[in-house]
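Welcome! Here is a short briefing to read alongside the sequence and the 3D view.

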Amino acid sequence: AIMYFAALSDTHGYKLHTQRTVEILKSFDPVAVLHCGDIGSLQIPELLGQWPTHYVCGNVDSRLKGLEAAILQAGGIYHHEFGDITIEDLRIALLHSHIPQTLDKAIRGGLYDVVCYGHTHQAEYHMDAKTLVVNPGALYRARRHTIAIFELGKKPPAIWHVEV
């Protein structure tokens, strides 16, 4: 069976698009979900609670103690500002990219198969040497609201953006 993981970003506490995302995710049943920051409210982790979900904080995320508690209560994994995650045989960097140089260092360091970032509200992906660099887009304040779906099984994984 084909296995997937998903990345999303910049929910900004906006529940409607997050709920629509959950409906899309159900059809892929991802082995994990990555949230690239700007979570924005304590309700978001609860909505994503049916999958192992990894979170990093973004520049709009305040009350981090409460946010961390909400993530843990929902069964999520909180990585503060930078996640170093392995899914199957892929090493993945998870960050919001609002801290200067962190994105470049993650890409150029050569350690990661995939670098997932948010913050810009612009969906994109490109290869940098052997690293797949992906912004899933934003679920708030974007012309199109998108998430990224990754198909596991090869390096780099196949990826596409899905409109929410």
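A pocket, as the word is used here, is an open set of grid points with protein on both sides within 12 Å along at least five of seven lines, and its lining residues have an atom within 4 Å of a point. Please keep in mind that this is a predicted model. The briefing starts with the largest pocket, moves on to two sheets, and ends with one isoleucine.

**The largest pocket**
- Its lining is made up of His121, Gln122, Ala123, Gly137, Ala138, Ala142, Arg143, Arg144 and Thr146.
- Sorted by class, the residues lining the largest pocket are 3 nonpolar, 4 polar and 2 charged.
- The space in the largest pocket comes to about 150 Å³.

**The sheet of 5 strands**
- In this open sheet, 5 strands follow the order 5-6-7-9-8, with mixed pairing.
- Strand 5 and strand 8 (124–128) are at the edges with a single partner strand each, so each has one side without a neighbour in the sheet.
- From one strand to the next, the twist averages 20°.
- Strand 8 and strand 9 (residues 131–135) run antiparallel and are joined by 5 bridges.
- Tyrosine 125 has valine 134, in strand 9, standing opposite.

**The sheet of 6 strands**
- A second open sheet is formed by 6 strands in the order 4-3-2-1-10-11, and here too the pairing is mixed.
- Strand 4 (77–78) and strand 11 are the edge strands, each pairing on one side only.
- Helix 1 (residues 15–28) packs on this sheet, where it touches strand 1 (4–8), strand 2 (33–35), strand 10 and strand 11.
- The direction of helix 1 makes about 10° with that of strand 10.

**The hairpin of strands 10 and 11**
- Strand 10 (residues 146–151) pairs with strand 11 (residues 158–163) in the antiparallel sense, over 6 bridges.
- Between the two strands of this hairpin there are 6 residues, and glycine 153 in the turn has a positive phi of about 135°.
- Phenylalanine 150 has isoleucine 159 of strand 11 as its bridge partner, while isoleucine 149 is partnered by tryptophan 160 in strand 11.

**A look at isoleucine 87**
- You can find isoleucine 87 in strand 5 (residues 82–87).
- Isoleucine 87 counts as buried because its relative accessibility is 6%, and buried means under 20%.
- Beyond its neighbours within four places in sequence, isoleucine 87 is in contact with Phe5, Val31, Ala32, Leu34, Ile92 and Leu152.
- Glutamate 23 is 64 residues from isoleucine 87 in sequence, and their C-alpha atoms are 22 Å apart in space.

Key:
Residues numbered from 1 in each chain as written. Predicted model: local features only at pLDDT ≥ 70, side-chain atom pairs only at ≥ 80, totals over all residues. Heavy atoms only, no water. Helix = DSSP H or I, 4+ residues; strand = E, 2+ residues; numbered from the N terminus. Buried < 20%, exposed > 50% of the residue type's maximum accessible area, 1.4 Å probe, protein only. Contact = heavy atoms within 4.5 Å. 1 Å grid on protein atoms, 1.4 Å probe; cavity = no way out; pocket = protein on both sides within 12 Å on 5 of 7 lines; lining within 4 Å. Points joined across faces, edges and corners; volume = space filled by probe spheres on them. Nonpolar A, V, L, I, M, F, W, Y, C, P; charged D, E, K, R; others polar. Pairing = 2+ DSSP bridges. Axes fitted to C-alpha atoms, helices over the stretch in contact; angles between N-to-C directions.
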